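The following exercises are to be solved with the sequence and the model at hand. Each task is followed by a worked solution.

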Amino acid sequence: MKKTPLYPPGFSRWILKHFFRKEDLLYRLDDFDEVYDELCQKKGISYAKRWYRLQVIKSIPQFLNFSLFRSFAMLKNYFLIVLRNSKKQKGYTFINISGLAIGMTCFILLSIYLKSELSYDAYHNNRDKIYRLVSKITFGDDVQTLYESMSPTGDLLSDNIPEILKFVRFGQVSRTQVSYNGSHFLEEKIFYSDNSVFDIFTFEFISGNPKTALSKPYTIVITENTAKKYFGNKTPIGERLIFNNDKEYTVTGIIKNVPQNSHFVFDMLGSFETLRSEDKESVEQWGRSWFPTYILSNRNINLKILESKIQPVIDKNFAETYKSMGGTFECFLQPLDRIYLYTPNNGVSRIVYIYIFSIIALFILLIACINFMNLSTARYSSRAREIGIRKVAGATRAKLIKQFLADSILFSLVSMILAIIIVKISSNQISLLIGYDLRTEYFNKFILIFGPIVLTLFVGICAGSYPAFFLSNFQPVKVFKGNIAAGASNHKLRNFLVITQFTISIALIFSTIIIFKQLKFLKHKELGFNKEHVMVLNVTDKNSWKSYPAFKNEILNNINIRSVSASSTVPGQTPSNNVYLPEGFPNNNTQQMSILYTDKDFFKTLDINLTDGRNFSENTEANVKSIIVNETAVKNFGWKNPLGKFIKDDKGLRTSNTNEWKSKNVIGVINDFFLAGLFNTINPLYIYNDPGEFEIILIRISPENISRTIDYLESKWNEIFPQKTFEYLFLDNIFNKQFINEDRIQKIFFYFTGLAIFIACLGLFGLASYTAEKKSKEIGIRKVMGASIKNIVFMLSWKFIKPVMVSALIVLPPAVYLAARWLTNFAYKTQIDVNSILFTFVLTILITFLAVGYQAVRASLTNPIKCIKSE
Amino acid sequence: MSRSEEIVLLAIMKLEGNAYGVTIREELSGFTGHEWTFGAIYVPLDKLTQKGYVKKTLSDPVPEKGGRSKCLYEVTRDGKSALKTIRDVQDRAWDGIQKAAFDSET
């Protein structure tokens, strides 16, 4: 009797289908259907359907368990095979794994670095609404971008623009000696700020009231660490700290330490009201003081819209002043999350280097993967026979692919573990290198585990897919006949891969050479002054300067002290600038000049020459109307006879009306020197003798007996400045500090290049040995025919040198172009000359030769009989 | 060999040539006293096949299945000897234990 077909639940059935292998599928589905039919007849359709669904659900865990069990067994199988093969080819395995491990290390380090760089300032709750004011001042061709604004700007904007809720200004305090209860420390990270800082930025208070902490003058908020340093376990609130033996500040709050990933870090925050109480006009009047100013907007408003509201307010209120002097003033906004990465420092923003390093690290990983692909293919080719047998024995292509993939994933895994170990071990060194403590990086647990796994799989699959798909294509018959055309057909591809590797390496070598040249050029450039053996001491409070003449006279008695001078700034630090009206310029055409306040001994102390006129007098009063300028000033102002020319300035006046400015006269001209460091062109320099502006003592000492001299100075210092700690720096160190960034970059590039070359060489090495093996017969025959070792080495090497030369031709033109672009960031730059290019080329060929040569020599030394006999 | 595998083998032996999914399930449910899911049967079956204790044969086409064959299972020689080994161990283990020991204590 034919049964009417009764349909079992479709969805459950569909699920079932996935659990059975092809061979069992139909029969087992039939089993289910049979019982289903029976139940339909005996107990009705709904019962039967329920039973069916329940069966499927109950069976799922059992099926899963079993498939896992099966896969596990398969995995174990693969694993054993891989292990066995690795042992058989130890050399290749080592090369493969080390190359890949290094590539992964670079990638991991890059991720950590990126994560830290991109996380700066992200901890502030209002981060989307905070902006820094940027002032752009244009006088003719001279454009200056300042990340500061005039003091009353914040008030002006928040009063006139409803979207701007609050503002805060930060005033920097120069090095200050802070004392408490007999202990003195020299502090460099003290800032003043308005109380609104705690409303705008997120600084967690441990004690104290953020609403009022900085509302009164002479109050100060300190960080946890600072509190510990001065007060130990005592409660700091209410205690008084003494600044420069002069002013007392009351501690009104303790905050948690400012996180490392902030664009500026401080230890103490003093109230801005202090500045206002000391010099009201300086804070409240336009044109007097400039401070970095930040604003808080009331919501996530579009930057351009906000800027468009700001400019009219600026124009109405003080842009007139600039217009009357012949310039323009524009105010822009810099969002908080762009400050750290996009503020140019010596011309280059950090973001540039982030891109560069990211690309390089990715390239290195790429090189390592390419290596892996190359070597794997070569390795498998020699296992062609085994593959052939497997295929004949019934291994499907899918199975072979799976095996090869498993193989490469396993390699990838081992490399990853190695990479993690390397990162852990070297994290100390690397933190020093990039100047950021990597160990404090907090990693989301999820990323910590997930990340490496994803990377392992990704690399394993990518790098392994080529050999997997390529090799599983072998046809067994061809293999047995020894006809494996693999060697020839993927020759092109292998060459392509080698070319890619070396292209990257050559680019890196060239970049490193150029960076090295540029830094050397900067560091050895004629500075215009002598920075060796000059000690720099800070005297930060005005009171102590009264004792300076006594100090100077006293120490000059010592034969090791050559010269003593005092000034407002020292070469290597950014000097202040101001606008002046030199003779010959119409009233509204003011000129910008850098300012240096110093005495007559400055030039002697730093070996700067007077090229015209005379020096300042010993007597300060006699110098009231005297100025000294540098040669750039003379050139820029078009003066044929500079002596006696006047320059008008607004010192002591509060007017921007240049008609009212007073003149002083040029009495001398000095040679140009790099006051502002090597990253800026030399500005016209205005030198004036005003002891009220002195902050630094410079002492030239003799090169002998330095430590004795220092001891002597310390004792004299303590005699004459008893309340101040004796702290000094050497001028050449200060000056070299400007290179910190570039030094760091040079080091990083150097290491990157080293790594890239190493990996590429590993690859070459492995390939060369494979080729040597393959060609062993050919080599044997050639030897018998009379080829010398030199011939053979050459023959083998040439195969590899050719692709390398192609790489060089491809990469050098763009590399030269990019290097030239980078150099335009520097005011003074070196040339990209033929030597550099040639050197790169030769170096690369040399490296190739070495990598390949070893194999070539070894191959050529083997007994030819052995090779031929192996047939 | 696990217990469920052993029981499945025994069920197959009992069914003497008519052992396929449905019948094995009925037989098992019969002498164990609880319902077996198909999953609980297929898994041991596959394992037994892998170990070589059971082999699959296709029967002749059968009308109830719309002309398809049935997949019948048989215990192999290896399977039978494995069963025998277990049985021997079983006997030796139970040897000497009186049935009375299982009666309730007084």
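**Exercise 1. Helix H1 of chain B**

Which residues in H1(B) are buried?

Solution. The model is a predicted one, in which local features need pLDDT of at least 70 and side-chain atom pairs count only at pLDDT 80 or more, whereas totals for chains, interfaces and linings use all residues. Residues are numbered from 1 along each chain as its sequence is written, chains are lettered from A and ligands numbered from 1 in the order in which they are written, and side-chain values use heavy atoms, with hydrogens and water left out.

Step 1. Locate the helix. Helices (H or I, at least four residues) and strands (E, at least two) are DSSP runs, numbered from the N terminus. H1 of chain B covers residues 3-15 and has 13 residues. From first to last C-alpha, H1(B) reaches 19 Å, close to the 18 Å expected at 1.5 Å a residue; the expected span is 1.5 Å times one less than the number of residues.

Step 2. Apply the burial cut-offs: buried means under 20% relative accessible area, exposed over 50%, and partly exposed in between (1.4 Å probe, protein chains only). The buried residues of H1(B) are B:Glu5, B:Glu6, B:Ile7, B:Val8, B:Leu9, B:Ala11, B:Ile12 and B:Leu15.

Step 3. Identify the cover, where contact means heavy atoms within 4.5 Å. The elements that cover these buried residues include helix H2 (21-32), helix H3 (38-51), strand S1 (54-58), strand S2 (71-75) and H4 of chain B.

**Exercise 2. Positive phi values**

Determine where B:Glu16 and A:Asp121 lie, and whether each is buried or exposed.

Solution. Step 1. Most residues other than glycine have a negative phi. B:Glu16 is not a glycine, yet has a positive phi of about 45 degrees. For A:Asp121, phi is likewise positive, near 65 degrees.

Step 2. B:Glu16 is found just after H1(B), in the loop between H1 and H2 of chain B. A:Asp121 belongs to the loop between helix H4 (90-118) and strand S1 (130-139) of chain A.

Step 3. B:Glu16 has a relative accessible area of 70% and is therefore exposed. A:Asp121, at 3%, is therefore buried.

**Exercise 3. Salt bridges in chain A**

Describe the salt bridges of A:Glu284 and A:Asp649.

Solution. Step 1. A salt bridge is a side-chain nitrogen of Lys or Arg within 4 Å of a carboxyl oxygen of Asp or Glu. The whole structure holds 33 of them over all chains.

Step 2. A:Glu284 pairs with A:Arg276 at 2.9 Å, N to O, and with A:Lys280, where the closest N and O atoms are 3.4 Å apart. A:Glu284 and A:Lys280 are separated by about one helical turn because they stand four residues apart in helix H9 (residues 280-284) of chain A. A:Arg276 is partly exposed at 22% relative accessible area, and A:Glu284 is partly exposed at 34%.

Step 3. A:Asp649 and A:Lys664 form a salt bridge at 3.0 Å, N to O. This pair links distant parts of the chain, 15 residues apart: A:Asp649 is in strand S22 (residues 646-649) and A:Lys664 in strand S23 (residues 662-670) of chain A. Both A:Asp649 and A:Lys664 are buried.

Step 4. A network arises from salt bridges that share partners, joining A:Lys552, A:Asp599, A:Lys600, A:Asp601 and A:Glu618.

**Exercise 4. The interface of chains A and B**

How many residues does the contact take from chain A and from chain B?

Solution. Step 1. Chain A contributes 21 residues and chain B 24 residues.

Step 2. Buried area is the accessible area (1.4 Å probe) that two parts lose on being put together, summed over both. Chain A and chain B bury about 2,000 Å² between them, with 53% of it on carbon and sulfur atoms. Of the area that chain A buries against chain B, A:Tyr27, A:Arg28 and A:Phe66 supply 29%, more than any other three residues.

Step 3. Two salt bridges are counted between chain A and chain B. A:Arg28 forms a salt bridge with B:Asp46, with the closest N and O atoms 2.9 Å apart.
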